[in-house]
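This report describes how two chains meet and how one of them is divided into domains. The sequence and structure come first.

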Amino acid sequence: MVFSSLVFLFLFLPINLALYYSVKQATVRNWILIIFSLFFYAYGEPIWVSLLVFSATVDYTLGKLIENYRGEWQSKAFLATSVVVNLSLLGFFKYWNFFASNGNFLMRTALPYHEFLLPIGISFYTFQTLSYSIDVYRGDVVAQRQYHKFLLFVSLFHQLVAGPIVRYKDIAEEIEHRVVNGERFSYGVNRFVQGLAKKVIFSNTAGSVVNNVLVNGFDHISVVGIWFGLVMYSFQIYFDFSGYSDMAIGLGQMFGFTYKENFNYPYISRSVTEFWRRWHISLGQFFKDYVYIPLGGSKSSRYRNIFVVWMLTGLWHGANWNFVLWGMYFGVLLLLEKSFLLNILERLPRLFAHIYVLGGVLIGWVLFFFTDLGQGLIVFQTMFGFVEAPLITPEIVLQIKNNLAFIGVASIASTPLLEQCYLKYLRPFLYNRHNNIAYLTDAVIVCMVMVVVTSLLISDTYNPFLYFRF
Amino acid sequence: MKLKYSTAVVFCLFIGFFGLLSLLNFGNKLITKPEDRQEMTMEKLSKQSLLDGSFATSFESFFSEQFVMRSTFVEFGKEVELLKGIGSGETQLLDHHVLDIVQTTTSVQKIDKKLEEELYSDDGVKETTWGQILIYNSAAMTLNTFSETAAINYADSINRYGEKFPALNIYSMLIPTQVEFIESDHYRSLSVPQSETIAQINTLLSDRIKTVDVLGILHEHRNEYLYYRTDHHWTQRGAYYAYKVFAQALGEEVPAIDDYSMSTAENFLGSLYKVTLNKSIAETPDSIEVFDPFTAHSYKSLQDQIKYNDGQVLLKKWLAEEEKYAVFLGGDQAIVEIQTELKNGRRMLVLKDSFANALVPFLVDIAETIIVVDPRFYDGDIESIVSEYEITDLLFVNYASITRRDVYSPLYNKLLSLE
């Protein structure tokens, strides 16, 4: 199931909320959440829910064992088991075909392929359970002794399919005792509706243009068309991904969980280093804590470490060479920035830094979007005029005209401008009149957004789910 | 009074209220409108459908169909979508799902999931089923695209009929769509020229197949009312000119269009309006002209029952309904039989899509038997029909946009049981 669907919004969520808040006992509430979460996952993927439960059971058991044998060699062995099991799951379901095809190509072997699609969310939950075992081993958290509580952590539908990557230690407290109150709930609603708007209003609108221009229209691309398509894709992926994170954070608050922020207006960054501190923060943190630092961080073989981390980051996004290249591309940019570019950027006017970051990220999206490297190459050549292509086509003129207002609004919405205006000016202004006016304004905005979102979902416009490959 | 939590309250009421009402609505519809097409498309709850996720998918769309105040939401949604551009947008490009258009005209028929899969997947690869609609000059039209595979396979299928039935006269008629004839070169260039795609298919056809060129005559008369503004089909006036070319190829005389007795229905909002709900085209609804054939005849279906069928190829009761294009043959039918009082020895088989529906009524004046088969719905074979009815002439009628995706060739091949 996905958040941006009518069944989730108007059946699953209200029923879940009603049941959850109709009981008082913590254990019953936990079970309600577990059952709804498993149903949420099983709704579209009935078979693969077993994989999720398997992964949870394995790490629950290993976590206890790691703790029981603390300081002895067995502890290390159990940790190794967890690493092997989780990475094998990921390796088999997500990367097998990729490795097999490359292996077959390079070594003329005949490794068989499997035909099933990637189980949704596997990249997220394997990382979550893995990080738990590592944290228990490191003594950062106490192992969970109650199975249902651990299953709750792994299966929580809020972040199950599209992140953020929530670590056990971040919500360990809240798994035991959660505080829910009207204030948190209202904040959660606000956040969730914000995320929903990002996904349904912004991401889907941009996505339908991307689909027309870069997918269906690929055979007659033009220079402006490519750039326009990529700008729209930049909007699509940002609003989609950060929208999902907002919805997860919001849902968490409604049920008493606090998840860390995952996006922080990445497109306003002034260096690629900064961009990656603002984009998919939980993933960057994961690789930093579990790969970069264990490898020696910036103390030993820093260049190798950065290289490894970014290759893996790329690969995490998909089992394809284009993602590896995409990761390495950012690795190289970050290395350049660390050695000299950051110093230069700081001295240049801000505008240059912004153009550099947006341009750099946009070019990155070419690698990300076109899984077919041949297509990607054509796109690069077209963008910079190395091959013969029309500057612009009538279709692109019309597309731009038909989306001009959207581009303006989406650009503003990619910056903190609206949020700042609201928090700094509108809200204090309303509060000064009367508290109730401020509360009511919020409620009216939420209601209006819900009407628009519902209308767009019902009128069945373009509403894809981008996370099938993650 | 404290309104601190009004956001939370409003949100919960909103999702709870609409969720509950839609659920109630659900039950209602199931009981009161059993003939509703959605009920038919709803996947049966079974182990299989649960496990492969198809039940979930079909439940999603079912829930959306039954959503309370659905049409209000849809209309509002379409309004909101327009805000993304500048100006009121007299010329626009809109996205559509290919199946949407098919569904609006064949709602008399059921389009089920299985059919959808057959229509739109090829070798397990889901083809692009998104297309674009151009709103131009108060008319909506689908844009044409070109897939070489589709063209080659289409020609190949028809050639197979040529080999299989050496005794038959076989004709291929490809009907260009409205976008081919719009005035503005600029906007016409959004679409792949159908003059080229038709020519390409024609060169791929074997010498056995006679091509019926209707593009020229339609171009000549392009300023007449040949296409609907709100529907993707041609008018019967458009079909008349195509009939003229075809009949002349058969050596038949065709009366002038004004000699036919004609009836008209106003306020027709067709498939493209239903898909786009675009206000600017709704301001000028279509009228639908219907020309009676001169020859007495009978009309019946050989597979499904046809609503409003009183034994004539023009089912005029449909003119009072929303789906007015169904006046021709009662919409897309799997297989129908027309017997006329002519005794000229010409027994025709028409293999076709919905464009042929407006054309077939004219053919009543030049053949003694006409069998019309829509390969999307007919699941028998062709050989037995050819022998049973002693068919002499076989006519393929499709719109030229069959080159957008490879849909018809697998269907035609299946009728031959070659695949």
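Domain bounds, as used here, come from an automatic or database domain assignment. For chain B of this predicted model, that assignment gives domain 1, residues 1-68, and domain 2, residues 136-415. The C-alpha centres of domain 1 of chain B and domain 2 of chain B are 38 Å apart.

The contact between the chains draws 52 residues from chain A and 49 residues from chain B. On the side of chain B that touches chain A, at least two residues each come from helix 1 (6-32), helix 3 (47-51), helix 4 (54-65), helix 5 (70-82), strand 1 (92-97), strand 4 (130-136) and helix 9 (185-188) of chain B. Helix 1 of chain B contributes the most to this side, with twelve residues. By class, this side of chain B comprises 26 nonpolar, 16 polar and seven charged residues.

One helix pair spans the two chains: the axes of helix 18 of chain A (residues 435-458) and helix 5 of chain B come within 7 Å and cross at roughly 100°. Angles from 65 to 115 degrees count as roughly perpendicular, and helix 18 of chain A and helix 5 of chain B are therefore roughly perpendicular to each other. The residues that make this contact are listed below.

| Helix | Residues in the contact |
|---|---|
| Helix 18 of chain A | Val452(A), Thr454(A), Ser455(A), Leu456(A), Ile458(A) |
| Helix 5 of chain B | Arg70(B), Phe73(B), Val74(B), Phe76(B), Gly77(B), Val80(B) |

The residues of the contact of helix 18 of chain A with helix 5 of chain B comprise seven nonpolar, three polar and one charged.

Technical notes
Residues numbered from 1 in each chain as written. Chains lettered and ligands numbered in written order. Predicted model: local features only at pLDDT ≥ 70, side-chain atom pairs only at ≥ 80, totals over all residues. Contact = placed C-beta atoms within 7 Å. Helix = DSSP H or I, 4+ residues; strand = E, 2+ residues; numbered from the N terminus. Nonpolar A, V, L, I, M, F, W, Y, C, P; charged D, E, K, R; others polar. Axes fitted to C-alpha atoms, helices over the stretch in contact; angles between N-to-C directions. Parallel < 35°, antiparallel > 145°, perpendicular 65-115°, else oblique.
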